[in-house]
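Reader: I would like to go through this model by question and answer. Can we start with charged pairs and then move to helices, strands and cysteines?

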Amino acid sequence: MRKFHSGEAGEEYVPITPEQDDYRAKRITAYLNLLQKIVQQQIAALKKMPFKIGNEIVKYFELLPQGSQQRAAYDKMSALPEGKAKVAMQEHLRSLVTPGSIDVNIMSKVDNLRYDKKGDPLPVEYSDAMSALRGFAHSNLQSSVVFSAGYNPRLYNYIESFPDFFPDSTGELKKRIVIKVSDYRSALLQGKILAKRGLWVSEFRIESGLNCGGHAFPTDGLLLGPILEEFRKNRINLAAELFDLCRANNGGFHAQPEQLITVQGGIGTSLEHQFLLDHYGVDRTGWGSPFLLVPEATSVDTKTLQQLATARPSDYFLSNASPLGVPFNNFRPSSSEAQRKQRIKQGRPGSPCYKKYLSSNTEFTERPICTASRLYQKLKVEELSERGDEQAKHEIDLVLEKDCLCEGLVAPALIKNDLPPSHNLTAVTICPGPNLVYFSGVFSLQQMIGHIYGRNNLLNGEPRPNMFVNELRMYVDYLKKQVDKISTSKQVKQLVLFKQNLLAGIAYYENLLNKMVNWDDTYLEKMRQQLEYILGELCIIEVPVATEVC
C-alpha cells in the first residue's frame with residue numbers, strides 16, 4: 001500500500017520547535033492566571049455592591065438552594081428591619097461570597113506528538129495533552145484538572161513532575177485530580193495507578209455511558225443505578241485503600257484528604273437530583289446539556305441556540321461523527337451536519353485538517369492523519385470503491401460520517417463573541433445529550449438553577465421517563481444495533497455479557513422502586529410498567545453465533 005507524506009492532497013503540515021511548543025504551554029499558563037485575576041476582581045466588585053434587588057450580590061444568594069446555610073443567613077438578613085443588625089448581617093454575608101473553582105478538562109487520549117522542522121517527532125512532553133497539563137500545572141490556580149475520555153499512561157506518569165499535585169508542608173493540595181469514570185472498577189484501577197505514585201484522586205466523576213453529551217462511552221451493559229450502588233457500598237473502603245497506597249509512596253499526607261463521588265448524565269428533575277444525593281450519598285450532581293439553553297452559562301451562537309430551543313426528538317442522535325472512533329451525540333440541524341452533506345454532494349468529502357488534534361490513522365500515511373480529513377476520506381473511498389460490493393457501500397457511508405470536531409466545537413464560542421474563526425471555518429458542531437429533548441426555550445441562569453432545586457419546572461411536556469429508564473432504553477437500542485454487527489466469537493461473548501448485565505440492571509431497578517419513598521405512586525407504577533415492557537423487548541433479543549471468516 002502506498003504511503004503518503006503529510007502535505008499531499010491538501011493536507012497542511014505546520015511543524016513547530018520545542019521552544020514554540022513550550023510557548024504554547026506558557027500561553028495556557030498565562031491565560032489561566034489572567035482568568036483567575038479577572039474572577040478575583042469581579043468577586044471583589046460584587047462584595048462591594050449594596051443588597052438591592054437586581055444587583056449581582058443578591059442574585060448570588062438567591063441562586064443558592066433553600067437548605068444551604070448561606071441561603072438561610074441571607075433569608076434571615078432580608079427579614080431584618082433597616083438598622084445596625086441588618087448592616088452587620090450583610091457584612092457577614094459578604095464574607096461568605098466565594099468564587100467557584102477554575103477547573104481544566106483534558107481529554108486524555110487527545111495527545112498527538114508534535115514534530116520539528118525536519119519532520120522528526122519532538123520529545124513526548126511536547127505532545128498535546130502533556131503540554132496542556134504543563135500549562136495548568138505551572139499556573140497560580142488552586143483548582144482541579146479533570147481527566148476524561150480514557151486512560152493515558154504517559155500523561156499519568158507526567159503528573160509526578162509537578163509539585164502542586166502533592167501535599168504541601170501543611171498537607172494541602174494546591175492542584176487536585178478529578179477522573180471521569182464509567183464504573184467502579186475503572187475508578188479503582190486508575191486510582192491505584194496514581195496512588196502508587198503518591199498522587200491522590202480528589203474526585204471520581206461517574207458519567208452515564210450513553211445518556212450524556214459529547215462522546216459516549218458505553219459500558220458492557222452496566223447501568224448507572226447498579227454502578228452507583230457499588231460506589232455507595234464501597235466508597236469508604238475505596239478511599240482508605242487508595243490513601244494507604246498514597247501515604248506509602250508519599251509521606252507528605254497528614255490526614256486522608258477529601259474524596260468526592262459525583263454523578264452526571266441525563267438528570268432532568270429536582271426529584272432525581274435529590275434522590276441521587278440522598279439514596280446514593282453522592283456529593284454533587286452534574287447538569288450539562290440543559291445549560292446549552294442558558295446564554296449566561298454557555299457560549300452558543302444565536303442561530304444554534306434557537307435550533308436547540310425549538311428542536312424535536314428526532315434532531316438528537318448517536319452518531320459515528322467522531323474521528324476518535326467513539327460514539328458521538330450529535331444534532332441534525334447543526335450547520336456542521338449541513339456542511340458535511342454539502343461537501344459529499346459536491347464530490348469533496350472531508351475537512352481541511354489544520355489543528356490535527358484527532359490525527360491517529362496511519363493506514364495510508366507515515367504520519368498520523370485524521371479520519372475526518374479530506375485526504376483520508378479521499379484515499380479510503382477510492383480503496384473501497386474498487387471493491388464495489390454492498391458492504392463496501394456501507395463502509396463508505398461510515399467513512400463519510402466522520403466530521404471535523406476541532407473546528408466545529410469551538411465555532412459557536414467564536415461566533416457568539418464576534419471573534420474571527422480560523423481559516424473562515426464557521427460551521428458549528430454541537431453535541432447535546434439526549435436528555436435535552438425534554439427542554440425547550442431559552443432560559444436565564446436563575447430559571448435553570450430554580451429548576452434544579454425544585455423552585456420551578458422547565459420541562460417542555462414531552463413524556464419523560466425516569467433518568468434510569470431513559471438510559472436503559474438507550475442501552476437496549478444500542479444492543480440491538482450491535483447484534484446486527486456480530487462477526488466474531490469474541491463479540492458474541494461481549495454481547496452475552498452485555499445482555500446479562502442489562503437483565504441484572506432491570507432486576508435492580510425493580511427492587512429500587514420500593515426505596516423511592518418520596519415519589520408519587522402513579523409515577524412509580526408507570527416506571528414499573530416501563531421496566532416490564534423493556535424487559536420483554538430485551539428477552540426476545542437473541543445474540544446469534546458468529547460465523548467467522550478466516
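Reader: In this predicted model, how far apart are N and O in the salt bridge of D389 and R387?

Author: The model is predicted. D389 is partly exposed, at 33% relative accessibility. R387 is partly exposed too, with a relative accessible area of 43%. Their side chains meet in a salt bridge, and the N to O distance is 3.4 Å.

Reader: How many salt bridges does the count come to?

Author: The pair of D389 and R387 is a salt bridge. The rule asks for a Lys or Arg side-chain nitrogen within 4 Å of an Asp or Glu carboxyl oxygen. By this rule the count comes to 29.

Reader: Is K175, which meets D164 in a salt bridge, buried or exposed?

Author: The N to O distance between D164 and K175 is 3.0 Å. Both sit in the loop between α6 (153–158) and β3 (176–181), 11 residues apart. D164 is partly exposed, at 22% relative accessible area. K175 has 1% relative accessibility, so K175 counts as buried.

Reader: Why are D477 and R473 separated by about one helical turn, and in which helix?

Author: D477 and R473 form a salt bridge, with the closest N and O atoms 3.1 Å apart. An α-helix has 3.6 residues a turn, so residues three or four places apart point the same way. D477 and R473 are about one turn apart because they lie four residues apart in helix α17.

Reader: Which residues do shared salt-bridge partners join into one network with R473?

Author: R473 is partly exposed, with 23% relative accessibility. D477 is partly exposed as well, at 32% relative accessible area. Salt bridges that share partners join R473 into one network with D477, K480 and E537.

Reader: What distance does α17 reach from its first C-alpha to its last?

Author: Helix α17 covers residues 467–483, which is 17 residues. At 1.5 Å a residue, 24 Å is expected. The reach is close to that, at 25 Å.

Reader: Which residue caps the N-terminal end of α17?

Author: The cap is made by a side-chain oxygen. That oxygen lies 2.8 Å from the backbone nitrogen of F468. The capping residue is N466.

Reader: What covers the buried residues of α17?

Author: The buried residues of α17 include M467, F468, L472, Y475 and L479. Helices and a strand take part in covering the buried residues. The cover includes α8 (224–249), α9 (270–279), β7 (316–319), α18 (489–512) and α19 (521–539).

Reader: Which residue in β8 stands opposite F317?

Author: Strands β7 and β8 run antiparallel, joined by four bridges. In β8 (residues 328–331), F328 and N330 point one way, while N329 and F331 point the other way. All of these are buried. The residue opposite F317 is N330.

Reader: How many disulfides does a search of the whole structure find?

Author: A disulfide needs two cysteine sulfurs within 2.5 Å. For C406, the nearest cysteine sulfur is that of C404, 5.1 Å away. For C431, it is that of C212, 9.5 Å away. The search finds zero.

Reader: Is C406 buried or exposed, and how does C431 count?

Author: Buried means under 20% relative accessible area. C406 has 18%, so C406 is buried. C431 has 22% relative accessibility, so C431 counts as partly exposed.

Technical notes:
Residues numbered from 1 in each chain as written. Predicted model: local features only at pLDDT ≥ 70, side-chain atom pairs only at ≥ 80, totals over all residues. Heavy atoms only, no water. Buried < 20%, exposed > 50% of the residue type's maximum accessible area, 1.4 Å probe, protein only. Helix = DSSP H or I, 4+ residues; strand = E, 2+ residues; numbered from the N terminus. Expected span 1.5 Å × (residues − 1). Contact = heavy atoms within 4.5 Å. Polar contact = N/O pair within 3.5 Å; in protein donor to acceptor, adjacent residues only side chain to side chain. Pairing = 2+ DSSP bridges.
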